[in-house]
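Work through these exercises with the model open beside you. Try each task before you read its solution.

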Amino acid sequence: MGRSQETFGKKDNEKKRAKKKTEKEERKAERHANAKSGAALEEMFAYVDENGNITSTPPDPTKKRVIKDEDIRISVAKQEDREPEETTRTGTVTFFNTSKGYGFIKDSQSQESIFVHANALGGITIGENDKVTFEVEMGAKGPNAVRVKKGGATPPPAVAAAE
C-alpha cells in the first residue's frame with residue numbers, strides 16, 4: 001500500500017497550528033505570572049465623584065452632602081402629587097375636514113392644537129371657527145379632544161320673557 005501524500009501545504013498548516021498553540025501557552029503562563037492574587041480590597045474599589053465620574057480616589061469627606069430618604073424619587077410622580085387639571089376646556093375649531101372626519105381645535109388657554117375625530121363629536125357637526133367645549137385624553141399619537149360640544153364656556157345670555 002502507498003503512503004499518504006504529505007504535501008508542502010499540509011506541513012506548513014501543521015507548523016502554523018503548533019506555533020499558535022505554543023504562543024497561546026506562553027500568553028497563559030505570562031498572565032499567571034502577572035496575576036495579582038490576593039489584591040487588597042481597597043485596590044479593587046471604584047468611587048463616584050460629585051460630577052458622576054468613576055475614579056479610584058475616595059471622595060473628600062468635607063464635601064459630603066446628606067440626602068433624606070424622602071427626597072429621593074425613583075418613579076413617576078403619583079396622581080395626588082400632580083396639580084389637578086381642568087377637565088373641560090374651551091377652544092376654536094381651526095380646521096375640520098368633514099369628508100375625512102377629522103380636524104383640529106385650538107385650545108383657548110394653552111393655544112395648543114388638539115386633534116379631534118368625528119367619533120368624538122357625538123353626532124354634532126362642527127365647522128371652522130366654531131366655539132366648542134371639550135375634554136382632552138391622551139391617544140396613541142398625542143392629545144385627542146373627546147366629548148366635544150358646540151358653544152363656548154359661558155352659555156348664551158338668557159332672553160327675558162316678554163310680558
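Two strands pair if DSSP finds at least two bridges between them. Keep that cut-off in mind; Exercise 2 needs it. The model is a predicted one.

**Exercise 1. The overall fold**

Task: State how many helices and strands there are in the protein, and give the pattern they follow along the sequence.

Solution.
- Step 1. Count the elements. There are two helices and seven strands.
- Step 2. Read along the sequence. The pattern is α-α-β-β-β-β-β-β-β.
- Step 3. Add the burial. Of the 163 residues in the protein, 12% are buried.

**Exercise 2. Which strands pair?**

Task: Decide whether E5 and E7 count as paired, and in which sense, parallel or antiparallel.

Solution.
- Step 1. Recall the cut-off: at least two bridges.
- Step 2. Count. E5 and E7 have two bridges, and their sense is parallel. The pair therefore meets the cut-off of at least two bridges.
- Step 3. Find a partner. Val116 has Ala145 in E7 as its bridge partner.

Task: Do the same for E6 and E7, and find how many residues lie between them.

Solution.
- Step 1. E6 and E7 pair over seven bridges, in the antiparallel sense.
- Step 2. Met138 stands opposite Pro143 in E7.
- Step 3. The two strands form a hairpin, with two residues between them.

Task: Now take E3. Find how many bridges join E3 to E4, and how many join E3 to E6.

Solution.
- Step 1. E3 and E4 are antiparallel and share six bridges. Gly91 has Asp107 in E4 as its bridge partner.
- Step 2. E3 and E6 are also antiparallel, with five bridges. Here Thr92 is matched with Lys131 in E6.
- Step 3. Look at the turn. The hairpin of E3 and E4 has four residues between the strands, and its Gly101 takes a positive phi near 80°.

**Exercise 3. A salt-bridge network**

Task: Name the residues linked in a network of salt bridges, then describe each contact.

Solution.
- Step 1. Recall the principle. Side chains of opposite charge can pair when their charged atoms come close.
- Step 2. Start with Arg89 and Asp107. Their side chains meet in a salt bridge, 2.9 Å from N to O. Arg89 is in strand E3 (residues 88–97) and Asp107 in strand E4 (residues 102–107), 18 residues apart.
- Step 3. Add Glu112. It forms a salt bridge with Arg89, with the closest N and O atoms 3.3 Å apart. Glu112 sits in the loop between E4 and strand E5 (113–117), and is 23 residues from Arg89.
- Step 4. Join them. Arg89, Asp107 and Glu112 make up the network.
- Step 5. Check burial, for which the cut-off is under 20%. Arg89 has 15% relative accessibility, so it is buried. Asp107 has 2%, so it is buried too. Glu112 has 34% and counts as partly exposed.

Task: The structure holds six salt bridges. Describe the one between Lys150 and Asp130.

Solution.
- Step 1. The closest N and O atoms of Lys150 and Asp130 are 3.9 Å apart.
- Step 2. Lys150 lies in strand E7 (residues 142–150), and Asp130 in the loop between E5 and strand E6 (131–139), so the bridge ties together parts 20 residues apart in sequence.
- Step 3. Asp130 is partly exposed, with a relative accessible area of 22%.

**Exercise 4. Testing a helix**

Task: Check the length of helix H1, then decide why it lies largely in the open.

Solution.
- Step 1. H1 covers residues 8–34, which is 27 residues.
- Step 2. At 1.5 Å a residue, H1 should span 39 Å.
- Step 3. The end C-alpha atoms of H1 are 39 Å apart, which agrees.
- Step 4. The number of buried residues in H1 is zero, so the helix lies largely in the open.

**Exercise 5. Positive phi outside glycine**

Task: Where are Asn129 and Arg147 found? What is the phi of each?

Solution.
- Step 1. Asn129 is in the loop between E5 and E6. Its phi is near 70°, a positive value.
- Step 2. Asn129 has 63% relative accessibility and counts as exposed.
- Step 3. Arg147 is in strand E7. Its phi is near 50°, again positive.
- Step 4. Arg147 is partly exposed, at 45% relative accessible area.

Definitions and conventions:
Residues are numbered from 1 along each chain as its sequence is written. Side-chain values use heavy atoms; hydrogens and water are left out. A salt bridge is a side-chain nitrogen of Lys or Arg within 4 Å of a carboxyl oxygen of Asp or Glu. Buried means under 20% relative accessible area, exposed over 50%, partly exposed in between (1.4 Å probe, protein chains only). The expected span of a helix is 1.5 Å times one less than its number of residues.
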